[in-house]
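Visitor: I'd like a close look at one single part of this protein, please. Could you pick an aromatic pair and walk me through its surroundings?

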Amino acid sequence: LSVCKESVRTGARSKLRGHVFTFNDITESRHNRENLDLWSRVIQETSNLVVITDADQRIIWANDSFVKTSGYTLYEAIHHTPGELLGGPEKNPTEVKKIRLAIKRQKPIKGEILNYGKNRQKYWVNYNLHPVLDDNGRLIKYFSVQTDITKLKKIQEEFLQQQIRHHTELAKAAIIAQEKKQIEIGQELHDNIAQILAATKLYLGRIIKEQGDPRENASLGNEYIQMAIDEIRHLSHQLVAPRHLKNSFKEEIKILASLLGSKLKLITDVRKFDEQILNPDIRLAMYRIIQEQFNNIDKHSAARKVRLHIRSEPSHIIMEIHDDGRGFDISKVSSGIGITNICNRAEALNGEAKFDTTPGSGCRLSVTLPI
């Protein structure tokens with residue numbers, strides 16, 4: 001309660017007649033004042049940056065977090081607009097224009113923007129700006145709450161740079177692989193198919209010139225033509241993706257297995273593999289990885305047996321290729337084109353490829369691809 005005491009006097013000599021006490025219930029107003037004090041402390045001590053401006057956008061109050069982040073004292077900031085204090089060359093003009101338009105329309109607005117502090121240090125904030133109106137709808141001030149997101153922005157920028165570097169490396173590896181494949185195809189055409197066709201031409205020429213036994217010449221020419229067909233088919237399977245073919249994925253694996261040669265025995269286990277869940281990108285990646293590893297085994301491993309195991313799980317495809325060949329030191333060949341191609345294809349689909357091998361113990365390739 002608030003108490004007011006008044007004296008009551010009468011007569012010429014103002015004789016004291018008594019006292020009047022007036023009691024007023026101030027419970028609500030005291031409660032409101034306590035709440036106001038509480039909110040004032042909260043706003044002052046919060047980690048968010050709080051700025052209050054007048055109707056002309058000139059700062060009339062800011063909390064300690066604003067002072068600490070911007071470097072401006074309250075005395076330095078007062079009577080200035082945020083635009084005057086926090087502007088800089090990299091500030092987004094589109095975001096500034098958006099804020100000005102909202103202020104002109106007396107509408108609340110939120111977003112993120114780059115600010116400059118007193119020493120020209122840059123910091124990013126998420127901001128919420130609200131107009132404050134009186135009972136007659138007249139604008140009296142603005143209330144802004146900002147969250148410092150500078151560290152988050154830095155992490156995002158570092159992640160973006162890592163992604164750019166990663167994709168650059170993938171692009172370089174793809175170009176190197178493409179050039180290597182073109183060289184291999186060129187050598188194959190020149191050193192193998194061209195020689196086979198030259199031999200075929202020789203036997204056809206002998207038939208035309210009636211030299212030797214025509215049946216024997218025709219038979220030999222026919223053999224060389226079949227050899228050329230087989231070599232061209234081998235090249236086509238290296239160039240044509242399975243999505244361009246009508247075969248199932250399991251049939252394509254059998255065709256790839258035929259390229260391993262007669263000395264290599266392939267054992268496949270695809271009983272728990274559902275190829276219906278494959279999208280074209282995963283299908284192509286799996287095909288190319290198997291193809292690349294089969295080529296590596298055929299050329300370098302001296303293996304006699306190869307096991308291929310593919311299984312489907314709720315969220316992943318898991319594929320393993322294990323040979324009993326000579327193995328190798330992964331630390332010395334990890335940057336090779338074949339291994340790089342396999343790892344890049346898996347990583348491009350947010351998957352992973354791991355090689356488990358040592359000299360003399362064969363090689364196990366494990367590939368996990370998300371569905």
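Guide: Here is a walk that starts at two rings and moves outward from there. Keep in mind that this is a predicted model.

Let's start with the pair itself. The structure holds one aromatic pair. Its members are F249 and F273, with ring centres 5.9 Å apart and planes at 70°. An angle over 60 degrees counts as edge-to-face, so that's the label this pair gets.

Now, where do the two rings sit in the chain? F249 belongs to helix α8, which covers residues 249–258, while F273 is in the loop between β8 (265–269) and α9 (280–301). That's why the pair ties together parts that are 24 residues apart in sequence.

Are these two buried or exposed? F249 has a relative accessibility of 0%, so it counts as buried. F273 is buried as well, at 5% relative accessible area.

Let's stay with F249 and see what else it touches. Setting aside neighbours within four places in sequence, F249 is in contact with F273, E275, L278, R283, M286, Y287, I290 and I310.

Next, look at the helix that F249 lies in. The buried residues of α8 are F249, E252, I253, L256 and A257. Looking down the axis of α8, you'd find these buried residues within an arc of 145°, so they line one face of the helix. K254 and S258 are on the other side of α8, and they're exposed.

Zoom out a bit and F249 turns up again, this time in the largest nonpolar core, which has 31 residues. F249, M286, I290 and I310 are the ones with the most contacts inside this core. Several elements chip in: α8, α9, β9 (305–312), β10 (316–323), α11 (337–348), β11 (352–357) and β12 (363–370) each supply at least two residues. The largest share, seven residues, comes from α9. Apart from this core lies another one, of 21 residues, including I113, L129, L139 and Y142.

Finally, step back to the whole protein. There are eleven helices and twelve strands, and buried residues make up 31% of the 371 residues. Take the contacts between residues at least 6 apart in sequence: 54% of them join residues at least 24 apart. As for the outside, the protein exposes about 24,300 Å², with carbon and sulfur atoms supplying 53% of that area.

One more ring is worth a glance before you go. The charged end of K153 sits over the ring of W124, 4.5 Å from its centre.

Terms used. Residues numbered from 1 in each chain as written. Predicted model: local features only at pLDDT ≥ 70, side-chain atom pairs only at ≥ 80, totals over all residues. Heavy atoms only, no water. Phe/Tyr/Trp six-rings, centres within 6.5 Å; stacked < 30°, edge-to-face > 60°. Helix = DSSP H or I, 4+ residues; strand = E, 2+ residues; numbered from the N terminus. Buried < 20%, exposed > 50% of the residue type's maximum accessible area, 1.4 Å probe, protein only. Lys NZ or Arg CZ within 6 Å of the ring centre and 35° of its normal. Contact = heavy atoms within 4.5 Å. Areas by Shrake-Rupley, 256 points an atom, 1.4 Å probe, with all protein chains shown as cover. Core = buried A, V, L, I, M, F, W, Y, C linked by side-chain atoms within 4.5 Å. Arc of directions from axis to C-beta.
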